[in-house]
Amino acid sequence: PAFFIIDENAANLMAGQAVKNTLLSLLQKNDPEASFLVDSVDFGTAIGALEDLSSFRWHAAKSLTDEKIAGAQEREILLALRGVFEKVTASFERQLERIGAIDFQGLEIKVLQLLDSNPEVLTHYRDKFEHILVDEFQDTNDAQTELILKLFEEKTNKLCIVGDPRQSIYRFRGANIDCFTRILEMIRGKGGRCVHLLENFRSRPKIIDFVNICQKTLSEGLFGSLQRDDISAGGEKMTAFRDENPVSHSVITLDMDLPTESSSEERRQAEGRAIASYVTEMYGS
């Protein structure tokens, strides 16, 4: 129970070290899988592949069990990669255990392992959450989607997701747009419905018009997988709630009354006074 969440950059550094150290150690021991992998794709490519897989450990572990690929040589490489990757993962997790740490991926993986191995725990949390509400769903990855699918039980609770698939281009922590479409199809299949929220409360009409013009072009490239009737990026046009407000200023010049030579602290203080004075004038008017 006494653990800390390791910083993402530190976890990536440790994972990279685990990849290199494990592969080198296996090669020194003439490990057949490691030797075959390096002979097939060279050392640098093997390192790069293992580092990429380490960034998505849960998804990689599942994908590497799929041997339905063409050609005997590809299957051999897949099997060798899987064997080395398992040893790399074990080494990385031992390093984390030694310092009493868990990374973000580890949190997700251990929760899924807990729910898989303890049906009573899964039942407890399904019953506990009457409503499962997930915001920014375009930023979910495969492991997070699996967690939601485990907690959701049609007869026990209700699921509501909110998201904009067009924002999936940010690829936040391995976000996968297929997760969005997968859940949406499941919701529709169980009699749920999709509500389009197209009224924008944040931006002015000119910005909304620009987005509406550009999104069709973007949808043909960046959002190629979204050409569907329910979430087609090209078919959904937003409307602006706010007025154009022609009297508003894009740039405001503040008189800070500073000498030519001034320190950064003096400039910060002067800027703060100028902003406070401007806000006071606006409030008074």
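**Salt bridges, helix crossings and a nonpolar patch**

A salt bridge joins the side chains of Arg 126 and Glu 153, with an N to O distance of 3.8 Å. Because Arg 126 belongs to helix α7 (residues 119-128) whereas Glu 153 sits in the loop between α8 and β4 (158-161), this pair ties together parts of the chain that are 27 residues apart in sequence. The model is a predicted one, and the points below take up its salt bridges, its helix crossings and a nonpolar patch on its surface.

**Salt bridges**

- Side chains of opposite charge can pair when their charged atoms come close, and in this model the count of salt bridges comes to eight.
- In the pair of Arg 126 and Glu 153, the acidic partner Glu 153 has a relative accessible area of 28%, and since a residue is called buried under 20% and exposed over 50%, Glu 153 is therefore classed as partly exposed.
- Glu 146 and Lys 150 form another salt bridge, in which the closest N and O atoms are 3.7 Å apart; both residues lie in helix α8, four residues apart, which corresponds to about one turn of the helix.
- Glu 146 and Lys 150 are both buried, whereas Glu 153 is partly exposed.
- Glu 154 pairs with Lys 190 in a salt bridge whose closest N and O atoms are 3.4 Å apart; this pair links distant parts of the chain, with Glu 154 in the loop between α8 and β4 and Lys 190 in the loop between α9 and β5 (199-200), 36 residues apart.
- Both partners of that bridge are partly exposed, Glu 154 with a relative accessibility of 45% and Lys 190 with a relative accessibility of 40%.
- Salt bridges that share partners join Asp 116, Glu 146, Lys 150 and Arg 182 into one network, and the pair of Glu 146 and Lys 150 within helix α8 contributes two of these residues.

**Helix α7 and Lys 150**

- Thr 123 lies in helix α7, the helix that also holds Arg 126, and at 41% relative accessibility Thr 123 counts as partly exposed.
- The C-alpha atoms of Thr 123 and Lys 150 are separated by 9.6 Å, although the two residues are 27 positions apart along the chain.

**Helix crossings**

- Two packed helices are described by the angle between their axes and the distance between the axes.
- For helix α8 (residues 142-151) and helix α9 (residues 177-189), the axes come within 10 Å and cross at roughly 20°; because this angle falls under 35 degrees, α8 is roughly parallel to α9.
- The crossing in which α8 passes α9 is right-handed.
- For helix α1 (residues 8-28) and helix α3 (residues 43-54), the axes come within 9 Å and cross at roughly 135°, which makes α1 oblique to α3.
- The crossing of α1 and α3 is likewise right-handed.

**Nonpolar surface patch**

- Ile 252, Leu 254, Met 256, Leu 258, Ile 275 and Val 279 together make a nonpolar surface patch of about 430 Å².
- Leu 258, one of these residues, lies in the loop between β6 (239-240) and α11 (264-284), and its relative accessible area of 31% makes it partly exposed.

Definitions and conventions: Residues are numbered from 1 along each chain as its sequence is written. This is a predicted model: local features need pLDDT of at least 70, side-chain atom pairs count only at pLDDT 80 or more; totals for chains, interfaces and linings use all residues. Side-chain values use heavy atoms; hydrogens and water are left out. Patches are made of residues with over 30% relative accessible area and no salt bridge: like charges are joined within 9 Å, nonpolar side chains (Val, Leu, Ile, Met, Phe, Trp, Tyr) within 5 Å. Accessible areas come from the Shrake-Rupley method with a 1.4 Å probe; for residues, only the protein chains shown count as cover. A salt bridge is a side-chain nitrogen of Lys or Arg within 4 Å of a carboxyl oxygen of Asp or Glu. Helices (H or I, at least four residues) and strands (E, at least two) are DSSP runs, numbered from the N terminus. Buried means under 20% relative accessible area, exposed over 50%, partly exposed in between (1.4 Å probe, protein chains only). Axes are lines fitted to C-alpha atoms, for helices over the stretch in contact, and angles run from 0 to 180 degrees between N-to-C directions. Angles under 35 degrees count as roughly parallel, over 145 as roughly antiparallel, 65 to 115 as roughly perpendicular and the rest as oblique. A crossing is left-handed if the near helix is turned anticlockwise from the far one by less than a right angle, and right-handed if clockwise.
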